[in-house]
Amino acid sequence: MTDTLLDVENLRVSFPTPAGRVDVVKGLTFTLGRERLGIVGESGSGKSMTGRAILRLIRSPGRQVADKLMFDGDDLQALSERAMRKVRGARISMIMQDPKFSLNPVMTIGDQIAEALKTHERIARKDIAARVIEMLEAVRINDPARVVKMYPHEVSGGMGQRIMIAMMLIPQPDLLIADEPTSALDVSVQAQVLDLIDELVKNKGMGLILISHDLNLVARYCDRILVMHAGEVVESCDARDLHKATHPYTRGLLAAVPQMEETRDELPVLDRTAWSGT
Amino acid sequence: MSAISLKNLDISYGTTKVVQGVNIEVAEGESFALVGESGSGKSTVLKAIAGLAPDWTGEISLLGAPRGHKVDHDFATRCQMVFQDPYGSLHPRKSVDTVLSEPLMIHGLGNRNARVIDMLAAVGLDQRFRFRFPHQMSGGQRQRVAIARALMLEPKVMLLDEPTSALDVSVQAEILNLLKRLRREQGLTYLMVTHNLPVVSFMCDRMAVMNKGRVVEIAPATALHDGSFTDPYTQTLYAASGGNPKYKETL
Amino acid sequence: MTNMQSWLLDDSPQSRMQANLGNSYRMLRALLRNPLAVVGAIILLVLVFAALFAPWIAPHSPLGQDLGARLLPPSAAHWMGTDELGRDILSRVIYGARITLMIVALVAIISAPLGLIIGAVSGYFGGWTDKVLMGVTDVFLSMPKLILALAFVAALGPGIENAIIAIAITSWPAYARIARAETLTFRNSEFIAATRLVGASHTRIIMRHVLPLCTSSMIVRVTLDMAGIILTAAGLGFLGLGAQPPLPEWGAMISRGRTFILDQWWVATMPGIAIILVSLGFCFLGDGLRDVLDPKQEGKS
């Protein structure tokens, strides 16, 4: 926690509506070291927009402003779009929800990984194939020599997501943003993918921002948690203290999740009026 | 008499068999879960019962009467289905009122206004939603409309296809509570497909675990409390879903 | 006024009528925000106005000949000049609006619903129905529109009614294709499945659920095609196979003016400008309607 990797102050993202511009992220402030941060919230809470805003990926007509958006000593807001492209991928990577939409359907997996390799480092032609296979092994894909020749539609969701992770980790970024990396996957595969991300992040000493709607999942894989609601952080706590959360929204969310050993006859429902004033 | 009875059910899509040899008896008034991961064939079983996957062999009977291979008019009054995606299951250009009146019109039932108003109240939607269009409602509200549509014909059996997996946790809780209350009030039988074991623990009495088109285990939902499953696949699924006592201790 | 507006924009309408009116009002507002669409709408309103009130607007009779005033250039008495029989061109263009409007309306009424139903049935049922219907559609599509229309007119005999029938017959296949493509995108959707499960018949699903979703893109497409229809009609008129003299049909007028195009340019140019303006009007309005009606655009806003 000594070196600050990312320093965000008063980040705002707004979109125009017929009734004027509306902030979907309302003044978010946080710092991130080489640690694992979880951002939790329901749909519309602004959690995904936060992830994108860090990479300056908010498309027009959306607009983002921040008092400070520093990454590893660089002011991201001051960078040109060209310099920003070098940051994206090379120093900050992002894993999206569904690998189906992130992979090019008409290119083999081997070619796509090779492409990612070539854009980020100078590498001899003959070494490429070996590096690609090495990367696939690192994300624990069996028989990488076969997978290299396959097209995205031929692989399962879990494998697709692991391929995405391989591509994102090739340039060895300092920060990985994972936006709902496993919501499209089955539970058994979910754990594998998250364990993999966890291991790679720990071994390489990267920072991780895990964006998810699933409180328990974030609690399991992160050190610190930000709970977002309606564009604001309502709770910020250590993952292990999540059950001691104080904000009624967080408590409500925790209680609303059915438990494996469920004996309640009715699930407590969020009383949305309780904090809408804040 | 069982509400749903499946005997030696095989279902194919084209030449591939996706479900094989399924035998399930769901008692009247029971809430039964079909659990499995994607590709396990659990949704296909539901579709076959509803008549949307007509390529099956074996026997499907509902409330004692065997069902044919096609969607049929009378079947609709006994069995209805709620779909997974509240954004895809409502016609984008039809108001709530139209959606709810249509089943009544098709079956020539009268007193439509009163029935629509009662049903909105039953699923916990304010009357001001009656003339709204889907794009004016949230996911949870749409799912309530979808549930209301399924209940308009007062069926005895409801097929639920992952009814809450597309919703936020807080909304999921509301919908699960609603489904539970409706079952109690109207004496419904549920056959629910899901991949979420805690939801089963909350909603269901019994569960069948499916893997690769076959039922590997049928167990009471209380088995989820202690993990007393016999099949190795079920145990893996249980552990992956967080049903691991060691993990609980660390919390 | 503000009362009326808030009633229309109410998020929780009290009645079916209010909900539908509110929806139409929202679309109208969106349409009015697009300046080109407004220009298009104004052009078409002028066309309709001219067609309705032609006898009162037109300064002269469209058919009355005055051989003493042959081929006069545009002037205060004859704003668009006169033709070879001394007829006032402005009056003829105004009366011509009636014919143009009739052609456009009849073609739209015949070919759009025909294409819509064939396409929706084909897409909804799939399989053999689809193969047969789309085979027929492809046969029609593979023939050039104007040539096919020519062949029909040649078989049925020249005349405005036959020209309309010919154009209608040649323009439905494009609509059938669109309707089919549109239907395919949602035939497996859950709302169609849910409707089947409540016991709705295929006819009901096609009429009540499939067609309403195809109509908006169809309206857009028909509006954009109007320009082409007017031109085809004008082309038939120009070749002497559409409206017969002395009917003031714009294409036929150009055809007559061709002889004098070098010395008396206005005879052919004036109806030509009318055709261009009306075609543009339909295109502008069509583009505007696409932004408002197309369901694919809705998600973005």
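In the predicted model, helix H10 of chain A meets helix H6 of chain B through a small set of named residues. On the chain A side, these are Gly252(A), Leu253(A) and Ala256(A). Their counterparts in H6(B) are Val169(B), Ser170(B) and Ala173(B). By class, this contact holds 4 nonpolar and 2 polar residues. No charged residue takes part in the contact of H10(A) with H6(B).

The geometry of this pair was computed next. H10(A) covers residues 248-256, and H6(B) covers residues 169-186. Their axes come within 8 Å and cross at roughly 50°. An angle of that size lies between the roughly parallel and the roughly perpendicular ranges, so H10(A) is oblique to H6(B). The crossing of H10(A) with H6(B) is left-handed.

The chains were then compared by contact. There are 2 pairs of chains in contact, and chains A and B share the most contacts. Chain A and chain C, by contrast, do not touch. The nearest C-alpha atoms of chains A and C are 9 Å apart.

A second helix pair lies within chain A. Helix H4 (residues 109-120) and helix H7 (residues 157-169) of chain A have axes that come within 9 Å. These axes cross at roughly 20°. Angles under 35 degrees count as roughly parallel, and therefore H4(A) and H7(A) are described in that way. Their crossing is right-handed. From H4(A), the residues in contact are Ile109(A), Gln112(A), Ile113(A) and Ala116(A). From H7(A), they are Ile163(A), Ala166(A) and Met167(A). This contact divides into 6 nonpolar residues and 1 polar residue, with no charged ones.

Chain B contains an open sheet of 6 strands. The strand order is S6-S7-S8-S3-S9-S10, and the pairing is mixed. Strands S6 (79-82) and S10 (214-220) of chain B stand at the edges. Each has a single partner strand, so one side of each is left without a neighbour in the sheet. On average, neighbouring strands are turned by 20° against each other, direction ignored.

At one edge, S6(B) is joined to strand S7 (residues 157-161) of chain B by 4 bridges. S6(B) and S7(B) run parallel. Gln80(B) stands opposite Met158(B) in S7(B).

Helices lie across this sheet. Helix H5 (residues 139-151) of chain B lies across S6 and S7 of chain B. H5(B) runs at about 170° to S6(B). Helix H9 (residues 232-240) of chain B lies across strand S9 (206-211) and S10 of chain B. The angle of H9(B) to S9(B) is about 105°.

Record annotations were set beside the model. For chain B, an unreviewed UniProt entry lists residues 4-237 as "domain: ABC transporter". This span is 35% helix and 27% strand in the model. The end C-alpha atoms of residues 4-237 of chain B lie 26 Å apart.

For chain C, an unreviewed UniProt entry gives "transmembrane region" for residues 36-58, 99-126, 146-170, 226-245 and 265-286. Two of these spans, residues 36-58 and residues 99-126, are described here. Residues 36-58 of chain C are 91% helix and 0% strand. The end C-alpha atoms of residues 36-58 are 28 Å apart. Residues 99-126 of chain C are 96% helix and 0% strand. The end C-alpha atoms of residues 99-126 lie 40 Å apart.

Definitions and conventions: Residues are numbered from 1 along each chain as its sequence is written. Chains are lettered from A and ligands numbered from 1 in the order in which they are written. This is a predicted model: local features need pLDDT of at least 70, side-chain atom pairs count only at pLDDT 80 or more; totals for chains, interfaces and linings use all residues. UniProt positions are given in the numbering used here, feature names are shortened, and annotations may be inferred rather than shown by experiment. Helices (H or I, at least four residues) and strands (E, at least two) are DSSP runs, numbered from the N terminus. Axes are lines fitted to C-alpha atoms, for helices over the stretch in contact, and angles run from 0 to 180 degrees between N-to-C directions. Angles under 35 degrees count as roughly parallel, over 145 as roughly antiparallel, 65 to 115 as roughly perpendicular and the rest as oblique. A crossing is left-handed if the near helix is turned anticlockwise from the far one by less than a right angle, and right-handed if clockwise. Two residues are in contact if their C-beta atoms, placed from the backbone, lie within 7 Å. Ala, Val, Leu, Ile, Met, Phe, Trp, Tyr, Cys and Pro count as nonpolar, Asp, Glu, Lys and Arg as charged, and the others, Gly among them, as polar. Two strands pair if DSSP finds at least two bridges between them.
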